[in-house]
Amino acid sequence: MFHPRARLMLAFALPAIVIGVLSSLILVVIMMLAGALQTLLWQNIPAVLNVNTQSAGWTMFMLTLTGIGVGALIKYMPGHAGPDPATESLIGAPVAISSLTGLALALMLGLAGGVSLGPEYPITVINIALAAAFGARFMPKVPTTDWVILAAAGTIGALFGTPIAAALIFSQTLGTNKDVPLWDRLFAPLLAAGAGAITTDQFFQPDFSLSIPAYDSSRLIDVFSGSVVVLIAIALGMLAVWLFPHMHRLFNSVQNPVLRLGLGGFVLGLLALIGGEITLFKGLDEMKELAHSNQLFEMGPLLAITLTKLAALVVAAACGFRGGRIFPAVFVGVSLGLMLHQYAPDVPAAITVSCAVMGMVLVVTRDGWLSLFMAAAVVPGLKLLPLLCIVMLPAWLMLAGKPLMLVAKQSVRRQDPDAD
C-alpha cells in the first residue's frame, strides 16, 4: 500500500508525535511553575511585608537575590545546571541527564526573578537531552541527530504556537541531502512541531502580535525606510555582540558562580532602575504593554528602555544566567521600532517595528528564516511579507562574516578549568 519512502516516514510518526507532545508539556509545566513563583516573589510576599515592588530597594534586592540563588544552583547542583548559554547556540548536542534538574530550577528562578532572558534555550536543551536518552534506550539504531532534530522541532513548535518556525529553520539544514526529498526529511520534524504547537494551545496560546495599525497598502518608499530601520537595528545589535565576549570575560574573572551571578543580578537591578520595571523579565508581556501604551512614552524614555534592555540582555547572558536571547531581542526590536516611529511619524509603525525586530533577531540568532518569522509574528500582515523579504537582503549582506553572539568554549576553559 505504501512506498518504502512512506513506510520509513511512518516509522517516525509516532515517536515524533510523542516527542512533540512531551516537549510542549515540559515547557508548559516549567512556565506555569515559573509564573507561580513570579507571583509569589513579586506580589504575594511584598503584600504580606507591605513592600512597594516599584521601589528601587525591592528591585535591587530581588535581582541580586535571584543571582545568588541561580549561582548556588550552578555551583552545587549536579552538572552545574547545564552548559554556559554564552557558548551555545539554540540547538546543540545532548547534555548529561544529571544536569537537567539544576537547569530547570535555574531557568524557573531566573524567569521568576526578573532576569532579561527567555526560556527557549534551556527548554530546548532539556527536551533534546530527554529525547536523545529516550532514543538511545528504545531505538538505539537511530542516529542521535534525528532525536535532536525532533526534540528541537517539537520545542520550537511549542514555544511559538505554530510549526511554521520549525519548518523554516530546518528547511535550511535538512535540504542538503539531494538523494532524499526535502519534505520527506521534514515529515517527522513537522509532526513533532505540530504536536508541540497543538499541545501548547490547550493551555495557553503564544501570541506575539502587537496592537499597532496594520500595514494595508505598500509604498516604494517603505522599502527604503525599512532598510534604514534594519541597518540601525543591526548597528545597535552588533554593538552588543562586540561587548558580549568582553562582559563574559569580565564576569568570569570571578570564579565563584554565587558571587558572579550575585554581581550580575546587582547590575541587572541597577539597569532596571534606569529603564524601569518594563525592562525586567523575558519581554513578551512587557512588549505588549509597551506597544499598548506607546503614546505614554516619548523618544527619550523609549531610547532608555531600548538601551537598558539590550544591556540587560548582554549582562544576563554574559554572567551565566540560564536563559535564551531571542525573547529579549524581540523586545529590544519592538522598543527601537516604536522609538523610530516617533522620530519619523510618516513611516508606519508596522514598518519600523517589524524591521527593527527582524534586524535585532538576525543579529542575535544569525538565522534569516527565524528573523523573518518573528518580524511577521509581531506585526502580522501579508502586505508586509514582500517588503520584509526585500529588506532582509541588505541586512544579510551587512552581517556576512561578522562575529556571532557566542563565546568560544576554549576561552571559557582557559578562564575556568572546571567549566563544562
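**Entry 1. Cysteines.** I looked for disulfides, meaning pairs of cysteine sulfur atoms within 2.5 Å, and the count came to zero. The model is a predicted one, in which local features need pLDDT of at least 70 and side-chain atom pairs count only at pLDDT 80 or more, while totals for chains, interfaces and linings use all residues. Residues are numbered from 1 along each chain as its sequence is written, and side-chain values use heavy atoms, with hydrogens and water left out.

How far is the sulfur of Cys355 from the closest cysteine sulfur? I found 11 Å, to Cys389, which is too far for a bond. I then checked burial, where buried means under 20% relative accessible area, exposed means over 50%, and partly exposed lies in between (1.4 Å probe, protein chains only). Cys355 is buried at 0% relative accessibility. Cys319 also counts as buried, at 1%.

**Entry 2. Domains.** I noted two domains in the protein chain: domain 1 covers 12-202 and domain 2 covers 220-399. These bounds come from an automatic or database domain assignment. The contact between them takes 50 residues from domain 1 and 38 residues from domain 2, with contact meaning heavy atoms within 4.5 Å. Taken over C-alpha atoms, the domain centres are 21 Å apart.

**Entry 3. Helix H2 and the loop after it.** I took helices as DSSP runs of H or I with at least four residues, and strands as runs of E with at least two, numbered from the N terminus. H2 runs over residues 13-49, which makes 37 residues. From first C-alpha to last, H2 reaches 53 Å, close to the 54 Å expected. The expected span is 1.5 Å times one less than the number of residues.

Where does H2 bend? I located a bend of about 40° at Leu40. The bend at a residue is the angle between axes fitted to the seven residues ending there and the seven starting there.

Next I looked at Asn50, which follows H2 and lies in the loop between H2 and helix H3 (56-76). Asn50 is not a glycine, yet its phi is positive, at about 60°. Most residues other than glycine have a negative phi. Is Asn50 buried or exposed? Asn50 is exposed, with a relative accessible area of 74%.

I found another such case in His80, which has a positive phi of about 55° although it is not a glycine. His80 sits in the loop between H3 and helix H4 (100-113). At 33% relative accessibility, His80 is partly exposed.

**Entry 4. Asn127.** I moved to helix H5 (residues 120-138), where Asn127 lies. Asn127 is buried, with a relative accessible area of 4%. What does its side chain reach at 3.4 Å? I found the backbone oxygen of Ser23 there. That distance was read against the polar contact rule: a pair of N or O atoms within 3.5 Å, where within protein one must be able to donate a hydrogen and the other to accept it, and residues adjacent in sequence count only if both atoms are side-chain atoms. Leaving out residues up to four places away in sequence, Asn127 touches Ser23, Ile26, Ala151 and Thr155.

**Entry 5. Helix H6.** I checked H6 (residues 144-160), whose 17 residues should span 24 Å. Its end C-alpha atoms are 25 Å apart, which agrees. How many of the 17 residues of H6 are buried? I counted 14, so the helix is mostly covered. Gly161, just after H6, takes a positive phi of about 75°.

**Entry 6. Helix H10.** I looked up two residues of H10 (residues 257-275), starting with Val267. Val267 is partly exposed, at 23% relative accessible area. Setting aside neighbours within four places in sequence, Val267 is in contact with Phe251 and Val315. Val267 and Ala312 are 45 residues apart in sequence, and their C-alpha atoms are 8.2 Å apart.

Leu270 also lies in H10 and is partly exposed, with 39% relative accessible area. From Leu270 to Leu22 I noted 38 Å, C-alpha to C-alpha, with their positions 248 residues apart in sequence.

**Entry 7. Ala377.** My last stop was Ala377, in helix H15 (residues 368-378). Ala377 is buried, at 18% relative accessibility. Which residues does Ala377 touch, not counting residues up to four places away in sequence? They are Phe208 and Ser209. Phe208 is 169 residues from Ala377 along the chain, and their C-alpha atoms are separated by 5.8 Å.
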